[in-house]
Amino acid sequence: MLSDWSERQGLAAARRGSTPPPPRGPLPVEARTTAHGTVHVSERIHPPDHRHGSAPVAAALDVEPQLVASLALHADLAGVDFQRMLFLDTETTGLAGGTGTVPFLVGLAWFEGRSLKVHQLFLRRLGEEAPMLRALAERMASSSCLVTFNGKSFDWPLLRTRFVLNRVPAPAELPHLDLLHCARRVFKHRGAGTRLVHLEDQVLGFRRVDDVDGSLIPDLYFRYLRGGDGAALTPVLEHNVNDLLLLAALLGELVRRFRAGGAGAAVPRDEDPRDLLGFASVALRARDYERAQAFARAAAAGDRGAVGIEALALASRLSRKAGDAQTAAAHLHQALEAAKGFQAATLHLELSKLYEHSLKDLARALHHAKLSASAELPPDHHRRVLRLEARIARSTRAGSLDLGMGSPRSGT
């Protein structure tokens, strides 16, 4: 049945013309005998000074658990020993998941001293997963957490299903740091998505040469199962190694840049304002208001467009939260200098609320309310203007009454 399945997959790929003919050569894995059977392994060690693009891989060892927890918005990570973290990335027979998808390559990496050891478990034949899964379980048992990219949604659920289907006891769940979620929050203002290779190029300055397209990987494996000699899978192993190196480098880089917004630190002037705004938003959600303010102001100083305007609006919210309404208003007025259309109306609305409730300046609140029509529903806008006009009228009448009562009475 497995043979027929792989044959159908290969024929479909051939009709699409999507997979190049495999070259000849050996598969770079070796068989190792374990207590649970034979596993096929490819292994290499990267020295402490190894860099992936501009980022040193070993910088992942220097991360502070509390900063990682804030970046991930995952409080449980604050107590993790990141010296024993386990990087994980799989290559599979399909990208849709489900019980029919098999992880034929489980890439693992962990630090030994400050060197990164990459350990890849390869599935030589379908149906021989049990020894590979037991080897994975043993490594997880000696690790403190998992670090993946989209592993919470794909890699780990898939592996957990394979443990069940192969009747192998699943290892205890580990704290899980999924860098996809961190990257989405920090780099969302770049507008080009958060694909792994994009981050690798744009954030770390590493561009892969002759990298195998991920969509071709299942077909390459099915060709191997039908009798290929394995050389066509060598680029797949290299692809997986680069994914693991990227995980370590990206973790270290994210924490290094997030650290720069802390007390006593200075945010570098050459940072991308889009990323600074992303870090500010993450710090705000983590309730690290001092760090959020530092990043927001740095982002505003580096950009005079939409990013700078949004950063000033965020800085205003933080100042208001700190009880400094005057500075909050100053940030909004500065943002208005460049804002147009709906964005300007939104700023006017925020200023109207600020002047009414915090600064108690009803005249200015009304002025900005009249300029915020497009920022709220017409009935809400109408009620806001009427309420402010009524409050001003009552205040005026009360003032006139006070003056009348305070005037000298005529004598008899």
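**A walk through the fold**

Among contacts in the protein (heavy atoms within 4.5 Å) between residues at least 6 apart in sequence, 68% join residues at least 24 apart. Please keep in mind that this is a predicted model, in which local features need pLDDT of at least 70 and side-chain atom pairs count only at pLDDT 80 or more, while totals for chains, interfaces and linings use all residues. Residues are numbered from 1 along each chain as its sequence is written, and side-chain values use heavy atoms, with hydrogens and water left out.

The secondary structure comes to 15 helices and 9 strands; these are DSSP runs numbered from the N terminus, helices being H or I with at least four residues and strands E with at least two. Of the 412 residues in the protein, 49% are buried, meaning under 20% relative accessible area with a 1.4 Å probe and protein chains only.

Let us turn to the sheet. It is open, with 7 strands in the order 1-2-7-6-5-8-9 and mixed pairing; two strands pair if DSSP finds at least two bridges between them. Strand 1 (30–34) and strand 9 (176–178) stand at the edges with a single partner strand each, so one side of each is left without a neighbour in the sheet. On average, neighbouring strands are turned by 30° against each other, direction ignored. Inside this order, strand 5 (residues 85–92) and strand 8 (residues 145–148) pair in the parallel sense over 3 bridges, and Leu86 has Leu146 in strand 8 as its bridge partner.

Helices pack here too. Helix 3 (residues 129–141) lies across strand 2 (37–46), strand 5, strand 6 (103–112), strand 7 (115–122) and strand 8, running at about 25° to strand 6; angles run from 0 to 180 degrees between N-to-C directions, and axes are lines fitted to C-alpha atoms, for helices over the stretch in contact. Helix 8 (residues 234–259) also packs on the sheet, and its direction makes about 145° with that of strand 5.

Further along the chain, helix 11 (residues 306–321) and helix 12 (residues 325–336) pack at about 170°, their axes 8 Å apart. That makes helix 11 roughly antiparallel to helix 12, a label for angles over 145 degrees. Among the residues that meet are Ile309 and Leu312 in helix 11, and His331 and Leu332 in helix 12.

Our last stop is helix 13 (residues 341–357), whose 17 residues reach 25 Å from first C-alpha to last, close to the 24 Å expected at 1.5 Å a residue, taken as 1.5 Å times one less than the number of residues. Its buried residues include Leu347, His348, Tyr355 and Glu356.

Methods:
Parallel < 35°, antiparallel > 145°, perpendicular 65-115°, else oblique. Buried < 20%, exposed > 50% of the residue type's maximum accessible area, 1.4 Å probe, protein only.
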